[in-house]
Amino acid sequence: MAKSYGKVTQASRQGKSAICIFVKPEAKQSIIAALAEGGYGISFQEGITNLLNELLLEHHKAPIA
């Protein structure tokens, strides 16, 4: 477990871990647009999370929060 060193943790991030995805700068807007057009959400984080949840459910795994 990581130490917080007195830093305040955002409530929505409590008990969660980050995954960083690097994409080419020119691809970012296209990816966000594709996620939005696919009905996954209008932000990169929301869209990727919803896409991953759909994939997990298709494979009979518990969705992420």
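1. Helices here are DSSP runs of at least four residues, numbered from the N terminus. With that in hand, welcome to the structure, which is a predicted model.

2. A good place to start is helix H2, which covers residues 44-58 and has 15 residues. From its first C-alpha to its last, H2 reaches 21 Å, close to the 21 Å expected at 1.5 Å a residue. After H2 comes His 60, and the phi of His 60 is positive, near 60°.

3. Next, look at how H2 meets helix H1, residues 25-37. Their axes come within 9 Å and cross at roughly 55°. H1 is therefore oblique to H2, since that angle is neither under 35 degrees nor in the range of 65 to 115. The crossing in which H1 passes H2 is left-handed.

4. Finally, turn to the largest pocket, which holds about 790 Å³ of space. It is lined by 17 residues, and the closest to its centre are Ser 17, Ala 18, Ile 19, Gln 45 and Thr 49. Sorted by class, the lining has 10 nonpolar, 5 polar and 2 charged residues.

Notes
Residues numbered from 1 in each chain as written. Predicted model: local features only at pLDDT ≥ 70, side-chain atom pairs only at ≥ 80, totals over all residues. Heavy atoms only, no water. Helix = DSSP H or I, 4+ residues; strand = E, 2+ residues; numbered from the N terminus. Expected span 1.5 Å × (residues − 1). 1 Å grid on protein atoms, 1.4 Å probe; cavity = no way out; pocket = protein on both sides within 12 Å on 5 of 7 lines; lining within 4 Å. Points joined across faces, edges and corners; volume = space filled by probe spheres on them. Nonpolar A, V, L, I, M, F, W, Y, C, P; charged D, E, K, R; others polar. Axes fitted to C-alpha atoms, helices over the stretch in contact; angles between N-to-C directions. Parallel < 35°, antiparallel > 145°, perpendicular 65-115°, else oblique. Left-handed = near helix turned anticlockwise from the far one by under 90°.
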